[in-house]
Amino acid sequence: MMRAIALPGIGIVAFFLLAAAPAQAPTPLVRGYDVLISAGHEGRPQSCPRFPTHHCNLGAAGERAWTPIVADAATSVLRSHGITVARLPADFAPSYAVRAAVFIHFDGAIPACSSAASVGYPSAGDRMAAQSWKRLYGRYFHFGFHPDNFSVGLRRYYAYRQTRASAGAFVLELGEITCPAQRAWLAPRLRWEGALIAYWLGRLLDKGHVPMPQKLSFAKRPANEIPAQVPSMVR
Ligand SMILES: [Zn+2]
């Protein structure tokens, strides 16, 4: 029968078409934001079941409370200067085409105080911009930096795969939260750190005229400005 002869041919073509297709539907690509800012570990562990391919890393003790504060502060400053921000938690489904992407973290280490600040990025082309962040942050953060991309988590951060960033994608480890001296330095500066990141991104993108945040004076300030509750996510 004619059909019996014709169908296997179609079946073979269909087989090859299916074999060539990706195993999973590609995630949608979101465009139109200048910057992506993700708060490390934010939203976990609740988000983990929806992202089984992500390692459900909950971060160092206290880190999940801090990263959203820095991310929200950076987002607020950037938006108030006309720079659009996709403000994201740790896990998100789409891919983003942006100019710059920043993933905010604090390091944890055993033994305590064996780590410092560091920067990770997926491409050698992002190195110059990373150096500019280290020059800026290093003026204030006096506990030093580990070499760029010193850990697998920095070199191969899971969210790089969902990020196309023409001016660079960066994991910013802002210091070691498990080191009492670094923690004490960082704790009252979380919003200031966000403003410093916003300033750096404004310079990197040459957009928005984001001002340098004022150097904090702690003479008359409480030792700890962490709010009692984490502010709601700004999106
Ligand atoms: Zn982290």
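## Contacts and overall make-up

Two residues are in contact if their C-beta atoms, placed from the backbone, lie within 7 Å. By that count, residues 24 or more positions apart account for 82% of the contacts in the protein with a separation of 6 or more. This is a predicted model: local features need pLDDT of at least 70, side-chain atom pairs count only at pLDDT 80 or more, and totals for chains, interfaces and linings use all residues. Residues are numbered from 1 along each chain as its sequence is written.

The protein has 6 helices and 8 strands. Helices (H or I, at least four residues) and strands (E, at least two) are DSSP runs, numbered from the N terminus. Along the sequence the pattern reads α-β-β-α-β-β-β-β-α-α-β-β-α-α. Of the 235 residues, 38% count as buried. Buried means that 20 or more other C-beta atoms lie within 10 Å of the residue's own; exposed means 12 or fewer, and partly exposed is in between, with C-beta atoms placed from the backbone.

## Confidence

pLDDT is the predictor's confidence in each residue, from 0 to 100. The protein averages 86, and 81% of the residues score at least 70. Over residues 1–23 the pLDDT is below 50, and this stretch has 0 contacts beyond near neighbours in sequence. Residues 220–235 also have pLDDT below 50, but here the model shows 20 contacts beyond near neighbours in sequence.

## Strand β5 and its partners

Strand β5 covers residues 100–107, and 8 of its 8 residues are buried. Both faces are covered. One side holds Ala 100, Val 102, Ile 104 and Phe 106; the other holds Ala 101, Phe 103, His 105 and Asp 107. In a regular strand the side chains alternate between the two faces of the sheet.

Strands pair if DSSP finds at least two bridges between them. Strand β2 (residues 35–39) runs parallel to β5, joined by 5 bridges. β5 and β8 are also parallel, over 6 bridges. Val 102 figures in both pairings: Ile 37 stands opposite Val 102, and Val 102 stands opposite Phe 170 in β8.

## The open sheet

In this open sheet, 3 strands follow the order β1-β4-β7 with parallel pairing. β1 (29–30) and β7 (163–165) stand at the edges with a single partner strand each, so one side of each has no neighbour in the sheet. β4 (residues 95–98) pairs with β7 over 3 bridges. Val 98 has Ala 165 in β7 as its bridge partner.

## Helices α2 and α3

Helix α2 (residues 63–80) has 18 residues, and 14 of them are buried. Its end C-alpha atoms are 26 Å apart, which agrees with the 26 Å expected at 1.5 Å a residue. The expected span is 1.5 Å times one less than the number of residues. Gly 82 follows α2 with a positive phi, near 80 degrees.

Helix α3 (residues 127–138) has 12 residues and reaches 16 Å from first C-alpha to last, close to the 16 Å expected. Its buried residues are Ala 129, Ala 130 and Trp 133. They cover an arc of only 100 degrees around the axis, which puts them on the same side of α3. The arc is that of the directions from the helix axis to the C-beta atoms. What covers them includes β6 (118–120), β8 (169–176) and α6 (190–205). The face turned away carries exposed Met 128 and Arg 135.

## Leu 154

Leu 154 lies in helix α4 (residues 152–155). Leu 154 is buried, with 23 other C-beta atoms within 10 Å. Leaving aside neighbours within four places in sequence, Leu 154 contacts Ser 118, Gly 120, Asn 149 and Val 171.
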